[in-house]
Structure formats: structure tokens, C-alpha cells
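Here are my notes on the helix packing and the enclosed space in this one. Have the model open while you read.

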Amino acid sequence: MMTTPRTARRTRSTSESTVEVEVNLDGTGRSEIDTSVPFFDHMLTAFAKHSLTDLTVRANGDTHIDAHHTVEDTAIVLGQAISEALGDKSGISRYGDALVPLDEALVQAVVDVSGRPYLVHSGEPAGFEFHLIGGHFTGSLVRHVFEALTFHAGLTVHVRVLDGRDPHHIAEAEFKAFARAFRQAKTLDPLVDGIPSTKGAL
């Protein structure tokens with residue numbers, strides 16, 4: 001069973017954004033988030049709380065043009081930090097599954113800490129991608145976040161929106177469902193001996 005701290009700190013700086021992320025996978029859900037995109041701050045806070053991941057994010061970028069660069073770059077760095085913190089994945093449960101409601105919205109997320117990036121994302125209602133949530137965050141960015149995070153963390157993720165009408169509720173249910181599934185998958189299982197794969201590596 002792994003006993004070393006599962007923490008990481010990653011940074012990324014480009015002409016479009018500057019991002020700093022710190023994670024502790026064995027935390028209690030504490031967070032300090034400032035991306036300069038308020039709704040994204042809200043989603044990352046929810047992710048930290050419901051995945052029991054301590055998370056610090058400081059990001060700024062060309063949000064006067066669009067929130068896209070800052071949001072996507074933050075998701076990239078978050079994925080890299082998660083990957084680093086997971087280490088060789090020895091002793092983890094590996095799989096997680098969650099079904100999360102938020103009023104009329106209902107979302108299922110399934111996570112495999114597989115080392116093979118793959119995202120299946122479906123069910124958002126027509127027009128969701130064009131909706132401005134909180135005045136800054138377009139619905140299309142939800143998928144972009146999961147794409148970037150999945151690829152850079154080395155996760156297989158399925159997110160299915162099963163029901164929903166309000167874009168805020170749908171997006172928040174997606175992040176919370178992902179968080180709950182990731183919480184299960186990253187958990188250290190005392191019954192797991194070594195790396196949970198017949199290949200011996202993830």
C-alpha cells in the first residue's frame with residue numbers, strides 16, 4: 001500500500017495564460033480557486049469538495065478575448081498534476097461510478113484510472129454548447145475541460161447527461177458526478193496488492 005503523499009504542483013505559462021495548480025489526492029476537499037472565470041471557479045470548487053481533493057488553482061489569461069484559453073489551459077495543468085500525484089497508481093481502487101442529481105438534472109460519470117486517455121461525453125441538450133453560464137462560461141467549455149483533463153491525467157471517462165433543462169444545473173451535475181466517480185477511483189483500497197492491472201502497469 002502506498003504511504004508517500006499523493007501531491008503535486010504544476011505550472012504552465014504561455015502567451016495566452018499563466019496557470020499554477022497544486023493537488024493533494026488524500027485531502028478533505030479544501031480549495032483556493034481563482035481562475036478569473038467565476039463559474040469555472042465554482043465548478044473547480046465543487047470538484048475539490050466532492051472528490052475530497054485539496055486543490056489550489058491560480059490562473060489568469062486573455063479573458064478579455066474569451067474564457068476559452070484560460071479554462072482549457074487550467075484543465076490541462078490540473079490533469080498533469082493529477083497524473084503526477086497518482087504516481088504508479090499502486091493500491092488504488094482504479095474504477096469509480098457516480099450518478100448525481102441536481103434538481104431536474106441527472107448525470108452519470110464513470111472513471112477508470114487506466115493510463116489510456118479516452119472520453120465519451122454525451123447527452124447535453126441541443127444548444128447547450130452556445131449558452132453563456134454566468135456571463136463568461138459557454139456550455140461548450142464543459143466538454144473542453146473534460147477533454148483536456150482526461151488526456152493529461154491519463155483517465156478513461158464516460159459522462160452521460162441523462163436529464164436536465166437548466167444549463168447551470170447540467171454543468172454542475174457533470175462536474176459533481178465526475179468528482180464523485182474520481183473520488184472512488186483514486187481511493188487507496190487496503191485489499192488491493194500493488195497495481196490493479198493484469199499487465200502490472202497503468
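Which helices each supply at least two residues of the lining of the largest cavity? Keep in mind that this is a predicted model.

1. To take the question head on: they are helix H1 (38–51), helix H3 (140–153) and helix H4 (167–186). H3 gives the largest share of that lining, with 3 residues.

2. On the cavity itself: the structure holds 1 cavity of 30 Å³ or more, and the space inside the largest cavity comes to about 30 Å³. Around it you'll find Leu44, Phe47, Leu78, Val145, Phe146, Leu149, Phe175 and Phe178. By class, the lining has 8 nonpolar residues, with no polar and no charged ones.

3. Now H1 against H2. Helix H2 covers residues 68–86, and the two helices pack at an angle of about 20°, their axes 12 Å apart. H1 and H2 are therefore roughly parallel to each other, the cut-off for that label being under 35 degrees. The crossing of H1 past H2 is right-handed. On the H1 side, Phe40, Leu44 and Phe47 make the contact, meeting Val71, Thr74, Leu78 and Ile82 of H2. That contact counts 6 nonpolar residues, 1 polar and no charged. Leu44, Phe47 and Leu78, which take part here, also appear in the cavity lining.

4. H1 against H4 comes next. Here the axes are 8 Å apart and the angle is about 30°, so H1 and H4 are again roughly parallel to each other. Their crossing is right-handed. From H1 the contact draws on Phe39, Phe40, His42, Met43, Ala46, Phe47, His50 and Ser51, while H4 brings His168, Ala171, Glu172, Phe175, Lys176, Phe178, Ala179, Arg180, Phe182, Arg183 and Lys186. Sorted by class, this contact of H1 with H4 has 10 nonpolar, 4 polar and 5 charged residues. Worth clicking through: Phe47, Phe175 and Phe178 belong to this contact and are also among the residues that line the cavity.

5. Last pair, H3 and H4. What angle do H3 and H4 pack at, and how far apart are their axes? The angle is about 20° and the axes are 10 Å apart, and H3 and H4 are therefore roughly parallel to each other. H3 passes H4 in a right-handed crossing. Val142, Val145, Phe146 and Leu149 come from H3, and Ala171, Glu174, Phe175 and Phe178 from H4. The split for this contact is 7 nonpolar, no polar and 1 charged. From this list, Val145, Phe146, Leu149, Phe175 and Phe178 are found in the cavity lining too.

6. If you only have a minute, start at Phe47. This residue of H1 meets H2, takes part in the contact with H4 and lines the largest cavity. Then look at Phe175 of H4, which is in the contact with H1, in the contact with H3 and in the cavity lining.

Terms used. Residues numbered from 1 in each chain as written. Predicted model: local features only at pLDDT ≥ 70, side-chain atom pairs only at ≥ 80, totals over all residues. Heavy atoms only, no water. 1 Å grid on protein atoms, 1.4 Å probe; cavity = no way out; pocket = protein on both sides within 12 Å on 5 of 7 lines; lining within 4 Å. Points joined across faces, edges and corners; volume = space filled by probe spheres on them. Helix = DSSP H or I, 4+ residues; strand = E, 2+ residues; numbered from the N terminus. Nonpolar A, V, L, I, M, F, W, Y, C, P; charged D, E, K, R; others polar. Axes fitted to C-alpha atoms, helices over the stretch in contact; angles between N-to-C directions. Parallel < 35°, antiparallel > 145°, perpendicular 65-115°, else oblique. Left-handed = near helix turned anticlockwise from the far one by under 90°. Contact = heavy atoms within 4.5 Å.
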